[in-house]
Amino acid sequence: SVVVMAKQLLVIECQPRINWYAIMADLAPEVRVEQATWHQLSLAGGFLHDQLTVAIAPIRINVHHPSQEERRTIQPDLVLCRSVTRTAQGNDARNLMFAMAQSGVPCVNSWESIAMFLER
């Protein structure tokens, strides 16, 4: 039998009510989903084996999956960004977004489109 390694999808979502674990459940076990907001994310030592490594801080409210209650480290194969990187409230994740873009990890909605949206 052939063993297929699951792909890691990082969903950056600003709306806590949206549950990407449930939305992508039909893709398991081929795709493992981790959902987080920009403020939960940080680079975890940069790159490991030439792959981006991201740390995700735990949350205590609006938990959709048990993994969200723990600090975890992932190496995403693909990113789906559903959140602005800079908000009117002063949150700014541009540095993290640019690091992810430079890492070579593909993004469903393109890193270029996210960068262009900064100047809206």
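Student: Which residues does Gln40 touch, not counting residues up to four places away in sequence?

Tutor: A contact list of this kind leaves out close sequence neighbours, and in this predicted model the list for Gln40 is Ala55, Ile56, Ala57, Pro58 and Ile59. Gln40 itself sits in the loop between β2, residues 31-36, and β3, residues 41-48.

Student: Is Gln40 buried or exposed?

Tutor: Burial is read from the relative accessible area, where a value under 20% counts as buried. Gln40 has 6% relative accessibility and therefore counts as buried. Its side chain also reaches the backbone nitrogen of Thr37, at 2.9 Å.

Student: Where does the largest pocket come in, and which residues are closest to its centre?

Tutor: A pocket can be described by its space and by its lining, and the largest pocket here holds about 380 Å³ of space. Of the 23 residues that line this pocket, Glu13, Cys14, Thr37, His39 and Gln40 are the closest to its centre. Sorted by class, the lining consists of 13 polar, eight nonpolar and two charged residues.

Student: What does the side chain of Gln35 reach?

Tutor: Polar contacts are read as pairs of atoms, and for Gln35, which lies in strand β2, the side chain reaches the backbone oxygen of Ile18 at 2.8 Å. A polar atom of the Gln35 side chain also lies 2.8 Å from the backbone nitrogen of Trp20. Gln35 counts as buried because its relative accessibility is 4%. Leaving out residues up to four places away in sequence, Gln35 touches several others, among them Val11, Glu13, His64, Gln68 and Arg72.

Student: You mentioned Trp20, so where is the place of Trp20, and with which residues is Trp20 in contact beyond its neighbours within four places in sequence?

Tutor: Trp20 is in helix α1, which covers residues 20-23. Setting aside those sequence neighbours, its contacts are Val11, Glu13, Val33, Gln35, Leu80 and Arg82. With Glu13 there is a polar contact between the two side chains, at 2.8 Å. Trp20 has a relative accessibility of 10%, so this residue counts as buried.

Student: Which residues of the largest nonpolar core touch the most other members?

Tutor: A core is read as a network of buried residues, and it helps to ask who has the most partners inside it; of the 21 residues in the largest nonpolar core, these are Leu10, Ile12, Trp38, Leu41, Val79, Met100 and Trp111. Two or more residues of this core come from each of β1 (7-13), β4 (51-56), β6 (78-82), α2 (94-103) and α3 (111-117). There is also a second, separate core of eight residues, which includes Leu9, Ile18, Trp20 and Leu80. Looking at Ile12 alone, and not counting residues up to four places away in sequence, one finds contacts including Ala36, Trp38, Leu41, Val79 and Met100.

Student: How should I compare separation along the chain with separation in space, and what separates the C-alpha atoms of Leu52 and Val105?

Tutor: The two separations are read side by side: Leu52 and Val105 are 53 residues apart along the chain, while their C-alpha atoms are separated by 7.3 Å. Leu52 is in strand β4, and it counts as buried because its relative accessibility is 1%. For Trp20 and Thr53, which are 33 residues apart in sequence, the C-alpha atoms are 20 Å apart. Another pair is Arg86 and Val54, 32 residues apart along the chain, with 19 Å between their C-alpha atoms. Arg86 lies in the loop between β6 and α2, and its relative accessible area of 27% is why it is described as partly exposed.

Student: Which peptide bond is cis, and which residue has a positive phi although it is not a glycine?

Tutor: Most peptide bonds are trans, and most residues other than glycine have a negative phi, so departures from either pattern deserve a look. Here the peptide bond from Ala28 to Pro29 is cis, with omega near 5°, and Pro29 is in the loop between α1 and β2. The positive phi, about 60°, belongs to Ser110, which is found in the loop between α2 and α3. Ser110 is partly exposed because its relative accessible area is 33%.

How values were computed. Residues numbered from 1 in each chain as written. Predicted model: local features only at pLDDT ≥ 70, side-chain atom pairs only at ≥ 80, totals over all residues. Heavy atoms only, no water. 1 Å grid on protein atoms, 1.4 Å probe; cavity = no way out; pocket = protein on both sides within 12 Å on 5 of 7 lines; lining within 4 Å. Points joined across faces, edges and corners; volume = space filled by probe spheres on them. Nonpolar A, V, L, I, M, F, W, Y, C, P; charged D, E, K, R; others polar. Helix = DSSP H or I, 4+ residues; strand = E, 2+ residues; numbered from the N terminus. Buried < 20%, exposed > 50% of the residue type's maximum accessible area, 1.4 Å probe, protein only. Polar contact = N/O pair within 3.5 Å; in protein donor to acceptor, adjacent residues only side chain to side chain. Contact = heavy atoms within 4.5 Å. Core = buried A, V, L, I, M, F, W, Y, C linked by side-chain atoms within 4.5 Å.
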